[in-house]
Every structure is written in structure tokens, then in C-alpha cells.
There are 2 protein chains.
Amino acid sequence: MNSDDEISPPGEGKRERKRRETLARITDVGLRLFLQRGYDATTLDEIAAEAGISRRTFFHYFKSKDEILLSLQSDMGLRIVRALEDEPADKPPLEAIRDAVLEVCNTIPADEMLAIDRLMRASPVVQARKLASYVEHEATLYAALRRKWPGEQRQLALRLVSMMSIGALRLSTDAYHREDGARPFGDLLREAFAALGGEANP
Amino acid sequence: MNSDDEISPPGEGKRERKRRETLARITDVGLRLFLQRGYDATTLDEIAAEAGISRRTFFHYFKSKDEILLSLQSDMGLRIVRALEDEPADKPPLEAIRDAVLEVCNTIPADEMLAIDRLMRASPVVQARKLASYVEHEATLYAALRRKWPGEQRQLALRLVSMMSIGALRLSTDAYHREDGARPFGDLLREAFAALGGEANP
DNA sequence: CCTGATTGTTGCACTCAGTGCAATTATCAA
DNA sequence: TTGATAATTGCACTGAGTGCAACAATCAGG
């Protein structure tokens with residue numbers, strides 16, 4: 001059994017546990033340092049040192065520096081899709097997605113959200129990869145939609161829905177940043193969905 | 001006057017001309033080497049040497065290696081908007097954009113288009129920045145649309161149009177790559193626009 | 001508990017992208 | 001011709017990312 005008194009998921013060996021812990025430690029430390037000193041000013045040496053690993057080992061956990069931030073982003077995508085699956089199947093797709101996004105975003109502190117967003121805008125490469133990950137989210141979302149509403153005849157309707165949903169997410173995130181978090185993110189998101197949904201079904 | 005017998009735009013000094021020429025030389029050489037040896041395998045030293053400049057000077061023309069490829073991408077955006085301005089104002093927006101994109105794409109050899117696309121997929125960062133540039137195109141397109149159809153009451157309709165147009169461009173580029181250029185790009189683009197347009201105005 | 005296989009960690013040396021600085025050279029406007 | 005402005009370059013430096021080979025931790029089975 002576990003020689004240390006650590007709580008860990010059943011059937012998880014020491015190897016897997018250590019790996020999971022180290023991974024979490026890297027992202028935590030990384031995010032903290034990025035927020036403290038800025039993305040560019042933080043070196044991998046610092047992150048590695050603070051996380052208690054060697055610089056070389058870092059690359060066994062992440063392919064590159066920006067993947068620390070990107071992992072947060074792709075987490076979001078997965079969580080949204082998972083929340084979507086819990087939505088009732090008789091809700092209109094656009095509303096179901098909107099509510100799934102709302103639910104996930106409610107679990108993230110507003111100030112942290114803004115801070116991370118600002119962080120990502122600081123580096124062109126990170127910003128680009130963030131936008132690119134939206135495109136991946138679109139594909140993931142489309143796949144989830146087809147799973148949830150397989151009866152839908154025209155697949156393109158769902159394509160359009162996923163494009164619009166991710167578009168709405170993009171627009172509201174943008175607006176949230178532009179007005180510096182003045183209004184709650186949920187309101188902006190609802191507005192964006194309402195506007196796009198209204199346009200699409202006049 | 002021009003001491004060399006070079007044809008150059010009127011009112012263009014020697015400085016501007018040399019700069020323009022060097023810029024063109026870098027992109028040409030860069031693209032050629034990338035296609036020959038691959039993106040990662042081509043170093044800036046090689047590009048600079050082949051273009052007859054020093055490595056250091058390269059950075060006075062491009063901020064980074066990937067901007068060589070990105071400049072091609074942003075050129076596309078500008079050319080599409082310019083072509084859009086020549087379209088008759090009484091054509092429905094979606095059709096006008098479709099035709100503008102078609103016109104611009106007709107000027108690019110199909111094989112070169114495929115090759116560049118493959119090139120960009122080879123590097124995650126370049127690919128990401130390409131996708132990110134789609135987002136910029138969307139903004140540029142939206143601005144152009146508002147200029148062309150200022151009468152339109154609901155600006156969100158135009159937002160949606162630009163989102164869908166760039167979406168269609170993305171989808172068809174993707175399909176073109178997936179089927180390795182089997183069908184002409186124009187056909188794919190027309191299909192995508194038709195499908196999305198059909199969905200939006202049932 | 002021991003053992004051999006597997007997997008994780010590390011240091012080292014290396015390549016290459018990108019930057020800051022300061023010296024030199026080319027172009028310009030007058 | 002000259003003084004200002006902008007382009008080019010070399011040099012030295014930082015930091016990301018990789019390949020390799022040695023070493024340590026974990027595991028599964030006897």
C-alpha cells in the first residue's frame with residue numbers, strides 16, 4: 001500500500017501519483033511566476049527550480065514553455081464539453097452550450113480569469129496558440145454536439161452552431177477584457193449568445 | 001533621378017526601393033528554402049546568406065522567422081478586402097465576399113497553395129499564428145463590411161457574416177488539404193458558402 | 001526480499017532564435 | 001558639401017529546446 005499517508009485515487013501507483021503531483025506543481029508554480037514577473041521575464045530555470053525539478057525534466061512534462069498556459073486553455077474545452085453532456089437533450093443546442101459555458105466559467109474566479117487573459121496577450125505566440133485552441137474547441141464541440149443530437153439531419157446546422165458558440169465565447173472574452181471586467185462575464189456571454197442566436201433565427 | 005536603370009514607382013527614393021527589394025528577396029528565398037528543406041531545418045543564417053544580408057539585418061525586416069510565412073497570410077486578408085470593395089454594393093454580402101475570395105484565390109497556383117499550407121502545418125507555432133490571423137481577417141473583414149454597407153441596422157448581422165465567411169474559408173482550406181487538392185479549391189469554397197448561407201437563411 | 005525490466009530524472013554539450021549596443025555606411029534634404 | 005537620418009553589420013549575450021548517456025526510482029514476478 002501507500003507508504004506515505006497521502007490520499008490518492010485507487011489503483012494509482014506511486015509512479016502515476018508522483019507524475020500527477022509534479023505536473024500540478026509545475027503549472028501552479030509557472031502560473032504564479034508568470035503573474036508575478038510576466039511571461040517573458042520568467043525563465044524555465046526559475047520555474048524548474050521552484051518546482052523542485054531540473055530544467056531538463058521540465059521538458060518531460062511540457063513540450064514548451066507556452067504549453068503551461070495552453071494546458072489551462074485546453075482544460076477549459078474539455079470541461080465545457082463535459083458540462084454540455086449533463087445538459088437536458090431537449091434544450092435547444094445554443095442554449096445548452098451557453099449554459100454549459102456559464103457553468104464552467106462560474107467555477108473560475110473573475111480576477112484570475114482576467115489576469116490569465118492579460119498574460120496571454122503579452123506574448124504573441126501564446127496569444128496565437130490560444131486563438132488556435134479556440135479552433136480545436138470548435139471541433140471538439142462539434143463532435144460532442146453530434147453525439148448529443150445524432151438525429152439532426154443537417155450536420156452543417158451543428159457546424160454552424162459550434163462556430164457561433166465559439167465565436168460568442170471569443171467575442172465575450174474580448175469584451176470582458178476590453179472593459180476590464182466592469183460587467184460580469186456571464187452577462188456578456190448571455191448577450192453575445194442572445195445576439196447571435198437572434199440573428200440566426202429571425 | 002534614378003542613377004540605375006531600374007523601373008520603380010514614381011516618387012520612390014532609393015531607400016524605399018532597396019527596402020522593398022530586400023523584403024521581397026527575403027520572402028522569396030525564405031519560402032524557397034522552407035519548401036526545399038522544411039521549415040525547422042532552415043536556419044535564419046541560411047536565409048540571410050542566400051538573401052545577401054547579415055543575420056542581424058533580417059530582424060530589421062521581420063520580427064521573427066515565422067513572420068516570413070505570416071506575411072503571406074496577412075497579404076491574403078488585405079487582397080480579399082480590396083477585391084471586396086470592387087464588388088457591386090447590391091450583391092448580398094455573403095455572395096460578394098465569396099466572389100472576392102474566389103477572385104483572389106484564382107491568382108494563386110493551386111500547388112503552391114497546397115505546399116504553403118503543408119508547410120504551415122509542420123510547425124505548431126506557425127500553424128497557430130495562421131489560425132490566429134484568421135481572427136484578424138475576421139476583424140478586417142467586418143470593418144470593410146461596415147464601410148460597404150453602412151445602412152445595415154444591426155451590426156451583429158455583419159459580425160455574423162464575417163464570422164461565417166472566415167469560417168467557410170477555414171473549412172474549405174481544411175477540406176482542400178484533407179483531400180490533397182483532388183477537387184479545385186473554388187468548388188469547395190462555393191460549397192462551404194452555399195451550405196452556411198443556406199443554414200443561416202432558411 | 002531479490003532481480004531484471006521499465007520508466008523517470010538529471011547533467012552536459014550543443015544548436016538556434018532573438019535582443020541590445022555601438023560602430024560604420026548609405027541615403028537624404030538643403 | 002554637410003549634417004541629419006536611417007540602414008547595415010558584428011559582437012556578445014540570454015534563453016528555449018534537443019540528443020545523449022548515465023543514474024535512480026518503481027514495478028511485476030518469482
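A polar contact here is a pair of N or O atoms within 3.5 Å; within protein, one atom must be able to donate a hydrogen and the other to accept it, and residues adjacent in sequence count only if both atoms are side-chain atoms. With that in hand, look at A:Arg55: an N or O atom in its side chain sits 2.5 Å from a base nitrogen of DNA strand D.

Some ground rules before going on. This is a predicted model, where local features need pLDDT of at least 70 and side-chain atom pairs count only at pLDDT 80 or more, while totals for chains, interfaces and linings use all residues. Residues are numbered from 1 along each chain as its sequence is written, chains are lettered from A and ligands numbered from 1 in the order in which they are written, and side-chain values use heavy atoms, with hydrogens and water left out.

Let's stay with DNA strand D. There are 21 residues around this strand, and A:Lys14, A:Arg15, A:Arg55, A:Arg56 and B:Arg15 come nearest (a residue is near a strand if one of its heavy atoms lies within 4 Å of it). Of the strand D atoms that come within 4 Å of the protein, 57% belong to sugar and phosphate. On the base side, A:Arg15 puts a polar side-chain atom 2.6 Å from a base oxygen of DNA strand D. On the backbone side, an N or O atom in the side chain of B:Tyr61 is 3.1 Å from a phosphate oxygen of DNA strand D.

Which helices build this surface? H1 and H3 of chain A and H1 and H3 of chain B each supply at least two residues near DNA strand D, and H3(B) has the largest share, with four residues. Helices here are DSSP runs (H or I, at least four residues), as strands are (E, at least two), numbered from the N terminus. By class, the surface near DNA strand D splits into four nonpolar, seven polar and ten charged residues. In this scheme Ala, Val, Leu, Ile, Met, Phe, Trp, Tyr, Cys and Pro are nonpolar, Asp, Glu, Lys and Arg are charged, and the others, Gly among them, are polar.

Now for DNA strand C. It has 20 residues around it, with A:Arg15, B:Lys14, B:Arg15, B:Arg55 and B:Arg56 coming nearest. Sugar and phosphate make up 54% of the strand C atoms that come within 4 Å of the protein. A phosphate oxygen of DNA strand C lies 2.5 Å from a backbone N or O atom of B:Lys14, and a polar backbone atom of B:Lys65 is 2.7 Å from a phosphate oxygen of this strand. B:Arg15 goes for a base instead: an N or O atom in its side chain is 2.6 Å from a base oxygen of DNA strand C. The biggest contributor to the surface near DNA strand C is H3(A), with four residues. That surface has four nonpolar, seven polar and nine charged residues.

Finally, step back to chain A as a whole. It is divided into domain 1 (14-61) and domain 2 (66-200), with bounds that come from an automatic or database domain assignment. Their contact (heavy atoms within 4.5 Å) takes eight residues from domain 1 of chain A and ten residues from domain 2 of chain A. The two domains bury about 830 Å² between them, 84% of it on carbon and sulfur atoms; buried area is the accessible area (1.4 Å probe) that two parts lose on being put together, summed over both.
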